[in-house]
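Subject: Structure handover

Hello,

Here is the structure I said I would pass on. Please look it over before reading the notes underneath.

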Amino acid sequence: MENQPTNAREIQLAARPVGAPTAANFALVERPIAELADGQILVRNTWMSVDPYMRGRMDDRESYIPPFQLGEALEGSAVGEVIASRSEAIPVGSNVSHFAGWRDYAVIDAAFATPIDPALADVHHFLGALGTTGLTAYAALTDIAPVRPGDTVFISAAAGAVGSVAGQIAKALGAGRVIGSAGGPAKTRLLLEEFGYDAAIDYRAGDLAGQLKHAAPDGIDVYLDSVGGEHLRIAVDAMRPKGRIALVGAISGYNGDAQEAGPDLYKAATKEVSLRGMLVSSYFPIFGEYIATAAGWLADGTVRTKETVYEGLEQAPAAFLGVLSGANTGKMLVRLG
């Protein structure tokens, strides 16, 4: 057990962004650590995640998850070690995942922390392939838009956190051909060489529809959408009858930019295509089942991962701005401490 600190640093929301966020929207603040109440634990965070959906929480508007509050710490997924505990369920020395990231020490009700087993995999994987990132890909391709043996599957943001795992999961589920879209030749090369994609589209090269037609001349059966806009439109156009689309994100519109032309829903109707949204929180009841499966995939090489890592809490805003601009390959993480 280490000496218990008296103060902790945290990243607060200093101002709400107009358009794309900048460093000025964040502030690094030091605050006293509250004394533990019964049932609480003190966690020294070791890794934290930054994810595109957090952009929506910076705006003061109604959504499926409450907005960040001005002058308060941001929050998000993190893992760390318990250094003090007033909970019999989670003793000192435990490794846990929780939702109080963006700070180096966190006081948490034990009920909102999940013990993790570092014997299964390095703890940072519980923010990526073994965390909500991996669960999102798995749920999208098994329930929202289920992959069937032999399917042709198209995945946008394929070099990102969800996409880099999703392509490999699609293959594990029996997909016959997996196509990914990413930005730039370095990322598209990585899709082919590292993440097991059969074809890669560089959306920055233009003619997205033509590139998809070349990669899937007979059309696609499943599309996992993290981008929206033009990607979703061309996916509907390329869908075979009774195709399935998982609406996971729409990063092209997160900063309030002018929206690209969306899909032709009449075309989706006449093809009997299903478009279904998802919130990963709806799949938390199968998290344990998923981790057991995915840990095996990591161990035997069925799923390979890459991470983009920023060092230190003070770099968390830069990491977040980077994930919004596509600077990451695989999961974007911040190593703390």
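The notes below cover one pocket and two helix pairs.

Please keep in mind that this is a predicted model.

Pocket

The second largest pocket holds about 270 Å³ of space. Its lining is made up of 13 residues, and Glu10, Pro32, Arg103, Tyr105 and Val107 are the closest to the pocket centre. Three strands each give at least two residues to this lining: β1 (7-13), β2 (26-32) and β6 (105-109). Sorted by class, the lining has eight nonpolar and five charged residues, and no polar ones.

Helices α2 and α8

Helix α2 spans residues 132-144 and helix α8 spans residues 287-300; their axes come within 10 Å and cross at roughly 95°. Angles from 65 to 115 degrees count as roughly perpendicular, so α2 is roughly perpendicular to α8. On the α2 side the contact involves Thr132, Gly134, Leu135 and Tyr138, which meet Phe287, Glu289, Tyr290 and Trp297 of α8. Five residues of this contact are nonpolar, two are polar and one is charged.

Helices α5 and α6

The axes of α5 (residues 208-215) and α6 (residues 229-238) also come within 10 Å, with a crossing angle of roughly 40°. The two helices are therefore oblique to each other, and their crossing is right-handed. Leu208, Ala209 and Leu212 of α5 make the contact with Glu230, His231, Ile234 and Ala238 of α6. By class, the α5 and α6 contact has five nonpolar residues, one polar and one charged.

Regards

Note on methods. Residues numbered from 1 in each chain as written. Predicted model: local features only at pLDDT ≥ 70, side-chain atom pairs only at ≥ 80, totals over all residues. Heavy atoms only, no water. 1 Å grid on protein atoms, 1.4 Å probe; cavity = no way out; pocket = protein on both sides within 12 Å on 5 of 7 lines; lining within 4 Å. Points joined across faces, edges and corners; volume = space filled by probe spheres on them. Helix = DSSP H or I, 4+ residues; strand = E, 2+ residues; numbered from the N terminus. Nonpolar A, V, L, I, M, F, W, Y, C, P; charged D, E, K, R; others polar. Axes fitted to C-alpha atoms, helices over the stretch in contact; angles between N-to-C directions. Parallel < 35°, antiparallel > 145°, perpendicular 65-115°, else oblique. Contact = heavy atoms within 4.5 Å. Left-handed = near helix turned anticlockwise from the far one by under 90°.
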